[in-house]
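Biologist: Could you take me on a close look at the ligand site of this model, and at the parts of the chain that shape it? I would love one connected account rather than a list.

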Amino acid sequence: MSTRILGIESSCDETAAAVVADGRDILSNVVASQIDIHRKFGGVVPEIASREHLRQIVPVVREALAQAGMHFSDVDAVGVTQGPGLMGALLVGITYGKTLAAALGKPLIGVNHLAGHVHAVFLDAHKAGRKVGLPAVCLIVSGGHTVLYEVKQKTSQPYSDGGELQYRKLSQTRDDAAGEAYDKVAKLLALGYPGGPILDRLAAVAGNAQPPIRFGSTKTRGNPLDFSFSGLKTAVLYHVRETPEYAGEIAEREAALQRGDRSFEHLLPLCSAKTLNLIREFQNAVVRDLVERTLLAAEELSAETVLVSGGVAANSQLRATFESRARTAGLDVLFPSRALSTDNAAMIAAAAYPSFRAGEFADASLDADPSLALA
Ligand code: KG4
Ligand code: ZN
């Protein structure tokens, strides 16, 4: 009989529940996104996020069980995100998870959200019948994180058999996360929230004309694997402020967003060639930085595989560049599917499984930890 873990995720603006069997097979994966609610504020509002989680948690968990064809009594353990994330948001999932585990008399497992993102790649690799060669270098790149880890097996028990993984942090961003840079640049160009998906599509139709400004590689003193994106965002801001021609189209797009016309099809005709070229140059700089430093880490550690996870891993140029560059370097590169790139609970249930096997259970004192470290 398989071990069925109910995963619960509420660290940011997605209320999610999922059931995963033996850490590998997704039986259900339900995500209630709050994006439409936070959009009008141009970012996640923590207070609203926790209230929304409170509203959603019960129906989302019920739906996850229904889709898996299970009753509460069929759950073998409850895995819940302990951190990192927003305090008030995390508390909703943890309180619910704790109560449920106690009521069912089943083990409770506190999961690090970042370990979840690593496991998202493992879940899809399993589905595709691919083995993940370890050691790996994992880039987690989202709206809240840009961080590189070394991922190894902790014991002789293989990860594919529920063996625990060992993480070592190699570097992180010194300022903004890459997704945050996307969101801020989209905001200053009046392209709505979240910024990543629309900038990704606009960059793809930009063509190859000369960009209005060139962004060089970001230099970071100290650890060469560290990232930094706030300088790039500020360079875009100054360029836009100093170039009066952008003002007219920005005002038009602002008006379109006010009317609710926020789709790619609505906004593309309101973007000049110059704006599209600027966006492409911004994306080139972000992708170059992410890929260069990740591959440098992979080379230094003689890694077999590169794993890329988190919301920005959905970026089409990032995927294509990683794939071609990794192939040249003789590395395997794995991404989660788009559904598992962004926050979800299947990755939390999967990450809980090795702890379940190792008997590492939490008790009623489990508390939210907004800055919980993975390593
Ligand atoms: O992992 P996620 O859903 O939430 C957290 O931040 O934890 O990631 C959301 C972030 C946002 O900043 C969004 O703009 C970015 O991922 N994003 C993208 C793309 N899709 C989402 N960034 C670049 N290209 C994309 N296609
Ligand atoms: Zn996340």
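Modeller: Happily! A word on terms to begin with: helices here are DSSP runs of H or I with at least four residues, strands are runs of E with at least two, and both are numbered from the N terminus. Please also keep in mind that this is a predicted model.

Let's start with where ligand 1 is: it sits in the largest pocket. Around ligand 1 there are 17 residues, and those that come nearest are Gly143, Asp183, Gly196, Asp200 and Asn315. Sorted by class, this shell holds 9 polar, 5 nonpolar and 3 charged residues.

Now for the polar contacts. An oxygen atom of ligand 1 lies 2.8 Å from a backbone N or O atom of Gly143. Gly144 also takes part through its backbone, with a polar atom 3.3 Å from an oxygen of ligand 1. Asp343 instead uses its side chain, where an N or O atom is 3.3 Å from a ligand 1 oxygen. Taken on its own, ligand 1 has 550 Å² of accessible area, and the protein covers 89% of that.

Asp343 leads us to the metal. The zinc ion, which is ligand 2, is coordinated by Asp343 through OD and by His113 and His117 through NE2, at 2.1 to 2.2 Å. Along the chain, these donors follow the spacing H-x3-H-x225-D. His113 belongs to helix 4 (residues 113-127), while Asp343 is in the loop between helix 12 (338-341) and helix 13 (346-358), so this pair ties together parts that lie 230 residues apart in sequence.

Back at ligand 1, which helices build the shell? Helix 5 (178-188) and helix 6 (195-204) each provide at least two of its residues. Helix 6 gives the most, with 4 residues. The loop between helix 5 and helix 6 contains Pro194, and the peptide bond that runs from Tyr193 to Pro194 is cis, with omega near -5°. That deserves a second glance, because most peptide bonds are trans.

A second cis bond is worth checking in your viewer: Leu134 and Pro135 are joined with omega at about 5°. Pro135 is placed in the loop between helix 4 and strand 6 (136-141), and helix 4 is where we met the zinc donor His113.

Methods: Residues numbered from 1 in each chain as written. Chains lettered and ligands numbered in written order. Predicted model: local features only at pLDDT ≥ 70, side-chain atom pairs only at ≥ 80, totals over all residues. Heavy atoms only, no water. Near = heavy atom within 4 Å. Polar contact = N/O pair within 3.5 Å; in protein donor to acceptor, adjacent residues only side chain to side chain. Areas by Shrake-Rupley, 256 points an atom, 1.4 Å probe, with all protein chains shown as cover. 1 Å grid on protein atoms, 1.4 Å probe; cavity = no way out; pocket = protein on both sides within 12 Å on 5 of 7 lines; lining within 4 Å. Sits in = over half its atoms within 2 Å of the grid points. Nonpolar A, V, L, I, M, F, W, Y, C, P; charged D, E, K, R; others polar. Donors = N, O, S within 2.8 Å, 3.2 Å for Na, K, Ca; no water.
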